[in-house]
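Me: I would like a close look at one part of this protein: the disulfides. Please set them in the context of the strands and cores around them.

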Amino acid sequence: MHARCSAIATILLALLTTSSAAAQLMSTCVANSPERQGQLGCSIIQDKLLPDSLTEPLFWHIDRVDSQEHAHSAVGSASIEFEAAGTSWLITIESQTSDHHGGRHVARVGPLPLPRAARYSMQVLSAAFGPGTYSLVHQHSGVEAVYVIDGEACYETPTRAVRLRKGGTVALPAGTVMRAVVTGAATRRVLSVIVHDAAQPATTRMEEGTGPQLVRCS
């Protein structure tokens, strides 16, 4: 009996240890994170001021291009080119998305619910995190749009849990309190853009364990 109890205790401890190890806090997004070298992390690709001439409705348009040189030649006043997950990307904030800028269409997200602001900026991010990781609770001063390259993503908000698989997209309005959680068994790779009030920081984070109650992903 003693041996059986010891064995059960060992199994329970192993399960608890595994669960604790899997549930890890994501690193915050920085300009040159390890994600840029093919590791795990969140990279701020660029924060670019958008032109005044843009008119609503606006969409986030995502194209794959053959090379970074090709993408660079196609960059306009409301677009950004970069490499992520072994692919060259060109992303654009625009009202018309029929022109793929010489690339291959991947997704169109929108129309984007923009906050009232005198000027807008778009912050582009690329992130890769392992299963069970989660972000601090946070909110943005503009709409955040997300595209899932690989794996599964989930976003906890006060009203719902938004679950996305490969190829999935979502646009979360400005001021939405949220937490990102990596579900599934594979590494989650996402691109995201925050079209925000240029006079405010794109992201405001809360201390761990604070903020409103959120609808859980699990």
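Reply: What follows starts with the whole chain, moves to each disulfide in turn, and ends with the cores.

The model is a predicted one. The protein has 218 residues, and 42% of them count as buried. It holds two helices and 16 strands. Sequence-distant contacts are frequent here: among contacts between residues at least 6 apart in sequence, 79% join residues at least 24 apart. The exposed surface comes to about 11100 Å². Carbon and sulfur atoms supply 53% of that area.

Now the disulfides. A search of the whole structure finds two. Counting bonded cysteines along the chain, the pattern is 1-2, 3-4. A disulfide is a covalent bond between the sulfur atoms of two cysteines.

Take C29 and C42. Their sulfur atoms are joined at an S to S distance of 1.9 Å. The torsion about this S-S bond is about 80°, so the disulfide is right-handed. C29 sits in the loop between β1 (24-25) and β2, while C42 is in strand β2 itself. The two cysteines are 13 residues apart. Are the two ends buried or exposed? C29 has 23% relative accessibility and counts as partly exposed. The cut-off for buried is under 20%. C42, at 5%, counts as buried.

Strand β2 leads into a sheet. Five strands form this open sheet, in the order β2-β7-β15-β10-β13, and the pairing is antiparallel. β2 (41-49) and β13 (169-172) are the edge strands, each pairing on one side only. So C42 lies in a strand, β2, that stands at an edge of the sheet. Neighbouring strands in this sheet are turned by 15° against each other on average, direction ignored. The partner of β2 is β7, and eight bridges join the two in the antiparallel sense. One residue pair shows the register: G41 has A128 in β7 as its bridge partner.Now take C154 and C217. They form a disulfide with sulfur atoms 2.1 Å apart. The torsion about the S-S bond is about -100°, so this disulfide is left-handed. C154 lies in strand β11 and C217 in the segment after β16 (203-205), so the bond ties together parts that are 63 residues apart in sequence. What is the relative accessibility of C154 and of C217? C154 is at 0% and counts as buried. C217 is at 7% and counts as buried too.

Strand β11 has a partner of its own. β11 (residues 152-156) and β14 pair in the antiparallel sense over five bridges. The bonded cysteine C154 takes part: its bridge partner in β14 is V181. Why is β14 described as largely enclosed by the rest of the structure? Four of the five residues of β14 (residues 179-183) are buried, so the strand is largely enclosed.

Next, the cores. In soluble globular proteins, nonpolar side chains tend to be buried together. Here the largest nonpolar core has 25 residues. W60, I93 and V195 have the most contacts inside it. Several strands give two or more residues to this core: β3 (59-65), β4 (79-84), β5 (87-94), β6 (104-109), β7 (120-129), β10 (142-150) and β15 (188-197). β10 gives the most, with four residues. A second, separate core has 19 residues, including A127, A180, V182 and A202.

Some contributors to the largest core belong to another sheet. This open sheet has four strands in the order β4-β5-β3-β6, with antiparallel pairing. β4 and β6 stand at its edges with a single partner strand each, so one side of each is left without a neighbour in the sheet. Neighbouring strands here are turned by 20° against each other on average, direction ignored. Six bridges join β4 to β5, and the two run antiparallel. Within that pair, I80 has I91 in β5 as its bridge partner.

To sum up the disulfides: C29 to C42 is right-handed, with C29 partly exposed and C42 buried. C154 to C217 is left-handed, with C154 buried and C217 buried.

Key. Residues numbered from 1 in each chain as written. Predicted model: local features only at pLDDT ≥ 70, side-chain atom pairs only at ≥ 80, totals over all residues. Heavy atoms only, no water. Core = buried A, V, L, I, M, F, W, Y, C linked by side-chain atoms within 4.5 Å. Buried < 20%, exposed > 50% of the residue type's maximum accessible area, 1.4 Å probe, protein only. Contact = heavy atoms within 4.5 Å. Areas by Shrake-Rupley, 256 points an atom, 1.4 Å probe, with all protein chains shown as cover. Pairing = 2+ DSSP bridges. Axes fitted to C-alpha atoms, helices over the stretch in contact; angles between N-to-C directions. Disulfide = S-S within 2.5 Å.
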